Amino acid sequence: MATVAKSRTGCDVSGLLITFEGIDGAGKSVQAEALRQWLEAAKQRAVLLLRDPGTSPIAEQIRRILLDRTNGAMSPWTELLLYEAARAQLVEECIKPALALGKVVICDRFYDSATAYQGYGRQLDLAAVMQANRIGACGLVPDLTILLDLDVEVALQRKGRLALDRLEQEERAFHERVRQGYLALARAEPDRVKVVQGDRAVGTIAAEIRQLVTAVLGG
Ligand code: TMP
């Protein structure tokens with residue numbers, strides 16, 4: 001039974017960490033919430049749904065800086081380090097305590113977002129981004145990562161053009177690099193990162209995700 005979140009820091013964790021990833025507009029948040037409801041209804045394990053960046057008060061403050069459209073002068077390295085800082089706070093304050101209690105933690109984004117957005121999207125040195133990821137995630141590696149894959153044009157249309165945040169307002173080519181980065185990650189770690197086609201009915205996608213999660217919970 002794969003119920004132990006792997007930790008390179010050797011911390012004692014007994015829960016399960018499931019992360020959702022994808023380009024903006026891929027439908028992660030809807031699917032993460034659907035999975036939370038399904039797991040809670042099953043009443044087998046306590047469940048916690050979180051978002052990265054955010055959730056804890058400090059990480060939410062960092063999130064506001066990161067997504068603020070008036071911060072156009074932010075350097076890509078500053079951006080990376082702020083995401084990692086927010087993540088470290090989320091891990092130490094929320095994720096590790098929940099895993100230690102044996103909870104299923106569902107996280108809407110995690111360090112794969114930094115690899116895809118800052119590594120592939122901003123084209124920062126990938127090895128440096130991955131090193132920063134290990135620090136930001138405090139050594140945690142998800143048990144399962146659901147990658148919702150969707151055509152960039154379809155995803156951008158879903159988002160619309162109004163009230164886009166600093167990252168969402170990036171050009172189409174940026175989002176295309178992010179998508180390709182995610183797909184490269186899935187090829188590199190096929191056991192952990194599962195690609196789910198995001199251009200189908202919400203219920204169909206949710207059913208496929210439940211199967212993947214059941215395999216991890218029961219396997
Ligand atoms: P969200 O709107 O899905 O919560 O994510 C906020 C934005 O932050 C989204 O455009 C993706 C971006 N992001 C990164 O660029 N790097 C990261 O490490 C994370 C977690 C998110």
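# A walk from a cis proline to the ligand and the pockets

Let's start in a loop: the one between β3 (47-51) and α2 is where you'll find Pro53. The peptide bond that joins Asp52 to Pro53 is cis, with omega at about 5 degrees. Keep in mind as you look around that this is a predicted model.

Another backbone detail sits in the loop between α4 and α5, which is the place of Gln123. Gln123 isn't a glycine, yet its phi is positive, at about 60 degrees.

Now for the ligand. Its surroundings consist of 14 residues, and the closest of these are Asp24, Arg63, Tyr83, Arg109 and Gln118. Two of those names come back when you look at polar contacts. In the side chain of Asp24, an N or O atom is 2.9 Å from an oxygen atom of the ligand. Gln118 also uses its side chain: one of its polar atoms lies 2.8 Å from a ligand nitrogen. The backbone joins in as well, with a polar backbone atom of Ala114 found 3.3 Å from an oxygen atom of the ligand. How much of the ligand does the protein bury? On its own the ligand exposes 480 Å², and the protein buries 95% of that.

Which elements build the shell around the ligand? Two or more residues come from each of α2 (57-67), α3 (76-100) and α4 (111-121). Of these, α4 provides the largest share of the shell, at four residues. If you sort the shell by class, you get six nonpolar residues, six charged ones and two polar ones.

Zoom out a little and you see the space that the ligand takes up, which is the largest pocket. This pocket holds about 500 Å³ of space. Its lining runs to 26 residues, and nearest its centre lie Asp24, Lys28, Arg63, Arg109 and Glu168. The elements that each supply at least two residues to this lining are α1 (28-42), α2, α3, α4 and α6 (152-159). Once again α4 is the one to watch, as it gives the most to the lining of the largest pocket, with four residues. By class, the lining of the largest pocket has 12 charged, nine nonpolar and five polar residues.

Next comes the second largest pocket, with a volume of about 270 Å³. Here 18 residues form the lining, and those nearest the centre are Tyr111, Met130, Arg134, Glu189 and Arg192. Contributions of two or more residues to this lining come from α4, α5 (126-136), β5 (140-141) and α7 (172-188). So far as class goes, the second largest pocket is lined by 10 nonpolar, five charged and three polar residues. That puts α4 in the lining of the second largest pocket as well as in the lining of the largest one.

Finally, what about enclosed space? The structure holds one cavity of 30 Å³ or more. The volume of the largest cavity is about 40 Å³. Its lining is made up of Gln31, Ala34, Leu35, Trp38, Ala206, Ile209 and Arg210. At least two of the lining residues come from each of α1 and α8 (202-218), and α1 has the largest share, with four. As for their chemistry, five of the residues that line the largest cavity are nonpolar, one is polar and one is charged.

To pull the threads together, α1 is worth a second look in your viewer. This helix supplies at least two residues to the lining of the largest pocket, and it also gives four to the lining of the largest cavity. Asp24 deserves one too: it is among the residues closest to the ligand, and it is also among those nearest the centre of the largest pocket. Arg63 and Arg109 likewise turn up both among the residues closest to the ligand and among those nearest the pocket centre.

Terms used: Residues are numbered from 1 along each chain as its sequence is written. This is a predicted model: local features need pLDDT of at least 70, side-chain atom pairs count only at pLDDT 80 or more; totals for chains, interfaces and linings use all residues. Side-chain values use heavy atoms; hydrogens and water are left out. A residue is near a molecule or strand if one of its heavy atoms lies within 4 Å of it. A polar contact is a pair of N or O atoms within 3.5 Å; within protein, one must be able to donate a hydrogen and the other to accept it, and residues adjacent in sequence count only if both atoms are side-chain atoms. Accessible areas come from the Shrake-Rupley method with a 1.4 Å probe; for residues, only the protein chains shown count as cover. On a 1 Å grid over the protein atoms alone, a cavity is a set of points where a 1.4 Å probe fits but cannot get out, and a pocket is an open set with protein on both sides within 12 Å along at least five of seven lines; lining residues have an atom within 4 Å of a point. A molecule sits in a cavity or pocket if more than half of its atoms lie within 2 Å of its grid points. Ala, Val, Leu, Ile, Met, Phe, Trp, Tyr, Cys and Pro count as nonpolar, Asp, Glu, Lys and Arg as charged, and the others, Gly among them, as polar. Grid points are joined across faces, edges and corners, and a volume is the space filled by probe spheres set on the points.
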